[in-house]
Amino acid sequence: MPDRLNVRNFIHGGDYNPDQWTDHPEIIAKDFEMFKEARINSVTVGIFAWDKLEPSEGTYDFSWLDDVFDRAEKQGCHVILSTPSGARPRWMAEKYPEVLRVDETGRRQLFGERHNHCYTSPVYRKKVQEINRKLAERYGKRESLVLWHISNECGGECHCELCQQEFRKWMKEKYKTLDNLNRCYWNEFWSHLYTSWDQIHSPSSIGDSNVLGLNLDWHRFVTDRTIDFFENEIAPLRELTPNIPVTTNFMGGNPPDSHVFYDLDYQKFAKHVDIVSWDSYPNWANGYETTEKLAAKTALMNDVMHGLKHQNYLIMENTPSQVNWHPVNRAKLPGMHQMGSLQEIAHGADSVMYFQLHQSRGASEMFHGAVITNKLSNKTRVFKDVKQVGEALDSLAEAKDSKRLDAKVAIVFDYDNMWALDDARAYSNQSKKYWETIQRHYKAFWDRDIPVDIVSVEADLSRYELVIDPMHFMMTTEFAAKLQEFVKAGGTLVGTYVNGIVDENFLTYLGPGMDAWLKTYGLEVTETDTLYPEQKNKLEIFGKTYDVCDYCDLIEPETAKTIGTYGDFFYKGTPAVTENKLGKGTAWYLGCRSDDEFLSDFYEKLAQDLNLALDLPVKKASSKVSVQVRQTKEADYFFIINFGHEEQNVELLRRTEDVLTRETHEKGSLVLGAYDVKVLKETR
Ligand code: GLA
Ligand code: ZN
């Protein structure tokens, strides 16, 4: 399997739909001229173009796509070729209704929209393979083809009878016997025992929605089915073009909460792609949170994507200006486009690509930002911004093969845990906030420019000094043992409230908890108090008092030492934060949800104890400035970005070279304008 892209430079390109303009060859010709001017070196074509490729069943027309390849090749532009399965033509739905999705109440959808096929339908699977085979046969040998873009933003689920049958098969394989299944789902509750495999049905608002194990398995199954469909889709490509890597564009980080994409387990899915790519739409210039707060969340999403394969990744889409689907579609302020683009490069992206290169003239996305708008002008601000990024990427070409630094800190993120915690009929549904909790812990490190990896439960923890495992409600005994090994070997572990409660079948552990867990933290949690939003407790620790909200675990220490105590309620004075020494390492337990100030102070202490700070050539005075590092064998590249809308001074501690301007900066004060970026280089 190819594990890298054969390209000379950072990729600067994006979704391009000349299929909408075949009656306007002059527009297409002009587009390519403007691409050259904006230093666009890649076009992603064929997304949603099925009816142009196969206007009626078995009749193909590739002339327009041949033309795109020819034009691209004439100017040394790469082509990323998309398979068209993200949207199908009307003739197909008309002739084969089974390709249409069925919703959770059993209703088959009409033809419409996109991303709404049944991923089990044998007809759809066959049609997808047929068209993909044609594409691979025709374009597989074109020198410009660098990457397959499979479908588009895979997601959604289907509840048709074919999918139900697959679900039953999946269950049978997993549980082997009905007795076992009934036991794992605790089906004696409310008389829900299955007496035949055929009784199994996906969760539904008009059927079972309260069997927690079933809900969780359905999430797992949807991921597995999506991957199975994907594997079916890429089979002809693997066969005919084994040297062309394969990706599909993942999602995440959308406003208002910049949440990780919820519906699919990307940690599983990523094993099936050669390179991770994702669509990044941070709402810069919004009216509800500061740019630097959003920058920390966007940094985190980038680190999630890096963590999926522990490799550089691609930005497959972002908007060059505004989108059309935020509640308010604000344009980026001057400087923001370069700021956001280079932030992603700084975290390990090897591309800046757009949705879209040329704006649609009509239909629902006609007002979505584009590199070339319907004004067809190179004088627009967005065109100039894009060109500026193109030039910056060209200047950075020498750093193309650079990688992020090895992080010493990892935060564990687990999909099963997210789904289970959210579905647990417990605590408070409004305050679970698993993702937000990860964002808050992460920000304490981002503020200090300390790199963090976001890792799955499968990760090799031995490469880290510090592992943070927040709200790990659903935890396997294997993972509890792994954490214990990590601590015994000298690692520092931080666990938080609502931790280690249920097993992978959504059954609670009996007794005080898992042995390994209890020994690692050296305590028992005897009860968890869930607070109303207006109720606040206090945490007294390190000679200070901090605010506590939402969750307070009541702790009985065994070997753990009490470091902080509760300041209020009936458990006032009892342990809230503990430290347990085990083997060569330490396990901290944060029993309550504290304010950001505590997280900042606490992680500052750990950063000092564990010597986590990087040796940077700059000293900054504000957390609005962020520093990220990529390195090659010869040099370090420091991306210094001002996310503030006022000028910032940083102190340059050593003489460095500015890669974007080729100036040399002497020691002393360095000024960054609003949303300014400097890339400083130090040769080793
Ligand atoms: C998604 C899709 C694109 C387009 C953009 C608009 O990311 O993949 O086709 O709809 O959103 O922002
Ligand atoms: Zn189906």
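This is a short tour of a predicted model, with stops at a ligand, two helix pairs and a few backbone spots.

**Stop 1: the ligand**

Start by selecting ligand 1 and the residues around it: F48, R114, N152, E153, D279, Y281, E317, W325, F355, E365 and H368. Colour that shell by class and you will find five charged, four nonpolar and two polar residues.

Now show the side chains of E153, D279 and E365. Which distances separate their polar atoms from oxygen atoms of ligand 1? For E365, a side-chain N or O atom is 2.4 Å from a ligand oxygen. For E153, the distance from a polar side-chain atom to an oxygen of the ligand is 2.6 Å. For D279, the corresponding value is 3.5 Å. Switch on a surface here, too: ligand 1 on its own would expose 300 Å², and the protein buries 95% of that.

**Stop 2: a cis bond at F355**

Stay with F355, one of the residues around ligand 1, and step along the backbone. The peptide bond leading from F355 to Q356 is cis, with omega near 15°. Q356 itself sits in the loop that runs between β11 (351–354) and α12.

**Stop 3: α11 against α12**

Follow that loop into α12, residues 381–395, and select α11, residues 336–347, along with it. Their axes are 9 Å apart and the helices pack at an angle of about 35°. Turn the view until one helix lies over the other, and you will see a right-handed crossing. To display the contact, pick H337, Q338, S341, L342 and I345 on α11, then D385, V386, Q388, V389, A392 and L393 on α12. This set holds six nonpolar residues, four polar ones and one charged one.

**Stop 4: α10 against α11**

Keep α11 on screen and add α10, residues 291–309. Here the axes come within 9 Å and cross at roughly 35°, and this crossing is right-handed. On the α10 side, select T291, A295, T298, A299, N302, D303 and H306. Their partners on α11 are M336, M339, Q343, E344 and H347. How do the residues of this contact divide by class? Six are polar, four are nonpolar and two are charged.

**Stop 5: two more backbone spots**

Most peptide bonds are trans, and most residues other than glycine have a negative phi. With that in mind, go to P255 and P256, where the peptide bond joining them is cis, with omega near 0°. P256 belongs to the loop between β7 (252–254) and β8 (259–260).

Finish at Y427. What is the sign of its phi? Phi is positive, about 55°, although Y427 is not a glycine. You will find Y427 in the loop linking α13 (415–423) and α14 (434–446).

Terms used
Residues numbered from 1 in each chain as written. Chains lettered and ligands numbered in written order. Predicted model: local features only at pLDDT ≥ 70, side-chain atom pairs only at ≥ 80, totals over all residues. Heavy atoms only, no water. Axes fitted to C-alpha atoms, helices over the stretch in contact; angles between N-to-C directions. Helix = DSSP H or I, 4+ residues; strand = E, 2+ residues; numbered from the N terminus. Left-handed = near helix turned anticlockwise from the far one by under 90°. Contact = heavy atoms within 4.5 Å. Nonpolar A, V, L, I, M, F, W, Y, C, P; charged D, E, K, R; others polar. Near = heavy atom within 4 Å. Polar contact = N/O pair within 3.5 Å; in protein donor to acceptor, adjacent residues only side chain to side chain. Areas by Shrake-Rupley, 256 points an atom, 1.4 Å probe, with all protein chains shown as cover.
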